Amino acid sequence: MDEKIGAWPIFYLSSEELVAGRDNRHLDFRLSIMRVEQGQTVAIVISTVCITHNWFGRAYMQLIRPFHRWGLKLLIRQAILAGRL
């Protein structure tokens, strides 16, 4: 699959979930966006997982962590504006 969300390749895509991310020698990153329906209520559940492999990956995560929530909100806002969510 050659599709991307933002800068990340999509690993899995269904009507309920999207999993994207990237692997490199410093860290492996995954983003999951899942649509959950309960009756007439629809919720979006966002999860991220990052596995660091070395000191550079750990340092990068320390630097990016304060901006993590802001970046996810931006990503979701862009997806809504594009009609993807």
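In this predicted model, a good place to begin is Met61, which touches Leu27, Cys50 and Thr52 when residues up to four places away in sequence are left aside. Met61 and Leu27 both belong to the largest nonpolar core of the structure, a group of 12 residues. Alongside these two, the core takes in Ile5, Ile10, Leu18, Ala20, Phe29, Leu31, Ile33, Leu72, Leu75 and Ile76. At least two core residues come from each of strand E3 (17–23), strand E4 (27–38) and helix H2 (68–81). Of these contributions, that of E4 is the largest share, at 4 residues.

It helps to step back to the overall layout. The chain holds 2 helices and 5 strands, and read from the N terminus the elements follow the order β-β-β-β-β-α-α. The C-alpha trace spans about 45 × 30 × 25 Å along its principal axes. Of the 85 residues, 21% count as buried. Among contacts with a separation of 6 or more, 26% join residues 24 or more positions apart.

The 5 strands make up an open sheet, arranged E1-E2-E3-E4-E5 with antiparallel pairing. Strand E1 (4–5) and E5 each have a single partner strand and stand at the edges, so one side of each is left without a neighbour in the sheet. As general background, strands of a sheet pair through backbone hydrogen bonds, in either a parallel or an antiparallel sense.

Two hairpins in this sheet share strand E4. On one side, E3 and E4 are joined as a hairpin with 3 residues between them, and their antiparallel pairing runs over 7 bridges. Within this pair, the core residue Phe29 of E4 has Arg22 standing opposite. On the other side, E4 pairs with strand E5 (residues 41–52) in the antiparallel sense, here over 12 bridges. These two strands also form a hairpin, with 2 residues between them. Gly39, in the turn of this second hairpin, has a positive phi of about 65 degrees. Two cross-strand positions help to fix the register of E4 against E5: Asp28 stands opposite Ile51, while Met34 has Val45 as its bridge partner. A general point is handy when following such strands by eye: in a regular strand, side chains alternate between the two faces of the sheet.

Attention then turns to the open space in the model. The largest pocket has a volume of about 520 Å³. Its lining counts 20 residues, and those lying nearest the centre are Trp8, Phe29, Tyr60, Ile64 and His68. Phe29 thus appears both in this lining and in the largest nonpolar core. Both sheet and helices take part in the lining, with at least two residues from each of E4, E5, helix H1 (55–64) and H2. The largest share of the lining, 6 residues, is that of H2, whereas the largest share of the core belongs to E4. Sorted by class, the lining of the pocket comprises 13 nonpolar, 6 polar and 1 charged residues.

Key
Residues are numbered from 1 along each chain as its sequence is written. This is a predicted model: local features need pLDDT of at least 70, side-chain atom pairs count only at pLDDT 80 or more; totals for chains, interfaces and linings use all residues. Side-chain values use heavy atoms; hydrogens and water are left out. A nonpolar core is a set of buried Ala, Val, Leu, Ile, Met, Phe, Trp, Tyr and Cys residues joined through side-chain atoms within 4.5 Å. Buried means under 20% relative accessible area, exposed over 50%, partly exposed in between (1.4 Å probe, protein chains only). Contact means heavy atoms within 4.5 Å. Two strands pair if DSSP finds at least two bridges between them. On a 1 Å grid over the protein atoms alone, a cavity is a set of points where a 1.4 Å probe fits but cannot get out, and a pocket is an open set with protein on both sides within 12 Å along at least five of seven lines; lining residues have an atom within 4 Å of a point. Grid points are joined across faces, edges and corners, and a volume is the space filled by probe spheres set on the points. Ala, Val, Leu, Ile, Met, Phe, Trp, Tyr, Cys and Pro count as nonpolar, Asp, Glu, Lys and Arg as charged, and the others, Gly among them, as polar.
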